[in-house]
Amino acid sequence: MHDAPRGGNGWRWAALLFGAAFLISGVLLLRDVVQSQRELDANQQLARRVREARDAALTVPVLPAPEREDTEPPEPPPKYAPSGNLSVYDGLWQENHDLAGWLSIEGLGLELPVMYTPEDTEYYLHRAFDETYAYSGSLFLGEGWTPEGGYAIIYGHNMKNETMFGHLHWYQEQAFAQEYPTIRFDTLTEEREYTVLAAFYSQSYTAGDIDVFRYYQYTDLSDPEVFSEYVNQVRAAALYDTGVEVQYGDRLLALSTCSYHRKNGRFVVVAVQRTEPEGETKQ
């Protein structure tokens, strides 16, 4: 006769604990959603600022009417700021000197700043452009990068909400690479366009793994033999043949993100900088 109340109390406590756990889970989920949206909004605002600065750089001031015949036509806005940076990116750089460039990929709808902190390359792994905490982090350059160098590797999170490098795996499909072969990575002082050379799956290997391609350990391709070795291994790992040619001296760009095809998996896209046809120069 006395067991029922004790049993009833046990069920009530279990229900209360379950309800509390459910409530806490809901609060944490809501917190994550709010944080994710906040990070997305911040990056979209940065992209809007760059687009507006780019539009302004392409807009020639219009003279008021009536226009005098002896009036000189207005000068277009300067391409470079007094700092020596491209005017488009100088405003952001003035706010954070860790800014190293800007990555744009039309097919992915991607427009994001790229950071570089040589003393700690993963500083922005979970930091936003303004250095506040951000689970999605920022895109950042790997060890040994220099603006004048011939190789850059950019790391970014493979976010489940499809921000950052969450869509990079679309390049696993040859048809997508053929439709969107262009990757634009501008440094602070130079506009650069790259063409997709290869895409492949990899992983973060252990010290005991032998005869594997540790693409992330390549930081300098200035040696012809190292360059050739890297390109050969990229082609061997490639999911498809793009037919894109590459030769020693070409600048290469690698984009790296996590992949869930295996433990410590990675997905990588490698691109080569477009060069002007022989006999032509940039205007």
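## Strand β7 and its partners

In this predicted model, strand β7 is largely enclosed by the rest of the structure, because 7 of its 8 residues are buried. Strand β7 runs parallel to β4, to which it is joined by 5 bridges. Within that pairing, Ile154 has Leu255 of β7 as its bridge partner.

With β8 the pairing of β7 is antiparallel and comprises 8 bridges. One of the paired positions is Ser259, whose bridge partner in β8 is Gly265. The two strands form a hairpin with 5 residues between them, and Asn264 in the turn has a positive phi of about 60°.

## The barrel

Strands β7 and β8 belong to a closed barrel of 8 strands, in the order β1-β2-β3-β4-β7-β8-β6-β5, with mixed pairing. From one strand to the next, the twist averages 30°. Strands of a sheet pair through backbone hydrogen bonds, either parallel or antiparallel.

Strand β6, residues 193-203, pairs with β8, residues 265-273, in the antiparallel sense over 9 bridges. Tyr201 stands opposite Phe267 in β8, and Phe200 has Val268 of β8 as its bridge partner. Of the 11 residues of β6, 9 are buried, so this strand is largely enclosed by the rest of the structure.

Strand β6 is also paired with β5, in an antiparallel arrangement of 3 bridges. A hairpin of 5 residues connects β5 to β6. Arg184 has Glu193 in β6 as its bridge partner.

## Helices against the strands

Helix α2 (residues 87-95) lies across β1 (99-105) and β5 (182-187), and runs at about 130° to β1. Helix α4 (residues 224-237) packs on the sheet, where it touches β4 (151-155), β6, β7 (252-259) and β8. The direction of α4 makes about 70° with that of β6.

## Nonpolar cores

The largest nonpolar core contains 31 residues, and Leu103, Ile154, Tyr171, Ile183 and Phe185 have the most contacts inside it. Ile154 is thus a residue of this core as well as the bridge partner of Leu255 in β7. Beyond its neighbours up to four places away in sequence, Phe185 touches Gly101, Trp102, Leu103, Val114, Leu141, Trp145, Ala152, Ile154, Arg192, Tyr194 and Leu253.

Apart from the largest core lies another, of 20 residues, which includes Leu221, Val268, Val270 and Val272. Among these, Val268 is the residue of β8 that pairs with Phe200. In soluble globular proteins, nonpolar side chains tend to be buried together.

## A buried serine

Ser138 is found in the loop between β2 (110-115) and β3 (139-141). With a relative accessible area of 6%, Ser138 is under the 20% limit and therefore counts as buried. The side chain of Ser138 reaches the backbone oxygen of Arg127 at 2.7 Å.

Arg127 is also listed among the contacts of Ser138 beyond four places in sequence. The other residues in this set are Met115, Tyr124, Leu125, Ala128, Phe129, Tyr155 and Met164.

## Salt bridges around the β5-β6 loop

The structure has 7 salt bridges. In one of them, the side chains of Glu191 and Lys79 meet at 3.7 Å, N to O. This pair links distant parts of the chain, 112 residues apart: Glu191 lies in the loop between β5 and β6, and Lys79 in the loop between α1 (3-58) and α2. Both residues are partly exposed, with Glu191 at 38% relative accessibility and Lys79 at 48%.

Glu191 also forms a salt bridge with Arg184, at 3.6 Å from N to O. Arg184 is partly exposed, with a relative accessible area of 22%. A network of salt bridges links Lys79, Arg184, Asp186 and Glu191.

Glu190 forms a salt bridge with Arg251, with the closest N and O atoms 3.5 Å apart. This pair, too, links distant parts of the chain: Glu190 is in the loop between β5 and β6 and Arg251 in the loop between α4 and β7, 61 residues apart. Glu190 is partly exposed, with a relative accessible area of 27%.

Definitions and conventions:
Residues numbered from 1 in each chain as written. Predicted model: local features only at pLDDT ≥ 70, side-chain atom pairs only at ≥ 80, totals over all residues. Heavy atoms only, no water. Core = buried A, V, L, I, M, F, W, Y, C linked by side-chain atoms within 4.5 Å. Buried < 20%, exposed > 50% of the residue type's maximum accessible area, 1.4 Å probe, protein only. Contact = heavy atoms within 4.5 Å. Pairing = 2+ DSSP bridges. Helix = DSSP H or I, 4+ residues; strand = E, 2+ residues; numbered from the N terminus. Axes fitted to C-alpha atoms, helices over the stretch in contact; angles between N-to-C directions. Polar contact = N/O pair within 3.5 Å; in protein donor to acceptor, adjacent residues only side chain to side chain. Salt bridge = Lys/Arg side-chain N within 4 Å of Asp/Glu carboxyl O.
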